[in-house]
Amino acid sequence: MKSITVEQLKEKLDAGEKINLIDVREPNEYAEANLGGQLVPLGKIQTMQIEELEDLKDEPVIVHCRSGKRSMMACMVMDQLGFKDTYNLEGGILEWMEKYGAAK
């Protein structure tokens, strides 16, 4: 697992890069504000119910949550499951909203 800052993520998004963004918060949190990532709650990752992510094992995957703690746990589990290039978004969506305002 590596880390990525909200500034680095914004640069990638602004440049139109194809990124694999995974949001590990709960559906109600996602509904309030999100960055457009794929919603896969941490509980699903911890119980290894991640069939929909299997195709991403060899690609860079950026994982985020509210503050960075759940996404760090998700990255650790994903690394153990064979994901080769996971990134934890430092500060999560809270940091994003502080710097750039409301998400999508």
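In what order do the five strands form the open sheet? In this predicted model, the order is 1-5-4-2-3, and the pairing is parallel. Strand 1 (2-4) and strand 3 (38-39) stand at the edges with a single partner strand each, so one side of each has no neighbour in the sheet.

**Strand pairing**

Strand 2 (residues 20-23) runs parallel to strand 3 and is joined to it by two bridges. Within this pair, I22 has Q38 of strand 3 as its bridge partner. Strand 2 is also parallel to strand 4, with four bridges between them, and here N20 stands opposite V61. Strand 4 in turn is joined to strand 5 by three bridges, again in parallel; V61 has T86 of strand 5 as its bridge partner. In strand 4 (residues 61-64), V61 and V63 point one way while I62 and H64 point the other way, and all are buried.

**Strand 5 and its contacts**

T86 lies in strand 5 (residues 86-89). T86 is buried, because its relative accessible area is 1%, under the 20% cut-off. The side chain of T86 makes a polar contact of 2.6 Å with the side chain of D79. Leaving aside residues up to four places away in sequence, T86 touches M1, K2, V61, C75, M78 and D79.

N88 is also found in strand 5, and at 4% relative accessibility N88 counts as buried. A polar atom of the N88 side chain lies 3.3 Å from the backbone nitrogen of M72. The residues that N88 touches, not counting those up to four places away in sequence, include K2, S3 and I4, together with V63, G68, S71 and M72.

**Salt bridges**

The structure holds eleven salt bridges. Three of them are tabulated here.

| Pair | Closest N to O distance |
|---|---|
| D85 and K2 | 2.4 Å |
| K99 and E7 | 3.3 Å |
| E95 and K99 | 2.8 Å |

D85 forms a salt bridge with K2. D85 lies in the loop between helix 4 and strand 5 and K2 lies in strand 1, so the pair ties together parts that are 83 residues apart in sequence. D85 is buried, with a relative accessible area of 16%, whereas K2 is partly exposed at 41%.

K99 forms a salt bridge with E7. K99 belongs to helix 5 and E7 to helix 1 (residues 6-14), so this pair ties together parts that are 92 residues apart in sequence. E95 and K99, by contrast, both lie in helix 5, four residues apart, about one turn of the helix. E7, E95 and K99 are linked in a network of salt bridges. Each member of the network is partly exposed: K99 has a relative accessibility of 40%, E7 has 31% and E95 has 26%.

**Helix 5 and the surface patch**

I93 is placed in helix 5 (residues 92-100). I93 is buried, with a relative accessible area of 3%. The C-alpha atom of I93 is separated by 7.5 Å from that of N34, although the two residues are 59 residues apart along the chain.

On the surface, M1, M72, M73 and M76 form a nonpolar patch with about 360 Å² of accessible area together. M76 is part of helix 4 (residues 69-80) and is partly exposed, with a relative accessible area of 42%. Two members of the patch also meet strand 5: N88 touches both M1 and M72.

Methods: Residues are numbered from 1 along each chain as its sequence is written. This is a predicted model: local features need pLDDT of at least 70, side-chain atom pairs count only at pLDDT 80 or more; totals for chains, interfaces and linings use all residues. Side-chain values use heavy atoms; hydrogens and water are left out. Patches are made of residues with over 30% relative accessible area and no salt bridge: like charges are joined within 9 Å, nonpolar side chains (Val, Leu, Ile, Met, Phe, Trp, Tyr) within 5 Å. Accessible areas come from the Shrake-Rupley method with a 1.4 Å probe; for residues, only the protein chains shown count as cover. A salt bridge is a side-chain nitrogen of Lys or Arg within 4 Å of a carboxyl oxygen of Asp or Glu. Buried means under 20% relative accessible area, exposed over 50%, partly exposed in between (1.4 Å probe, protein chains only). A polar contact is a pair of N or O atoms within 3.5 Å; within protein, one must be able to donate a hydrogen and the other to accept it, and residues adjacent in sequence count only if both atoms are side-chain atoms. Contact means heavy atoms within 4.5 Å. Two strands pair if DSSP finds at least two bridges between them.
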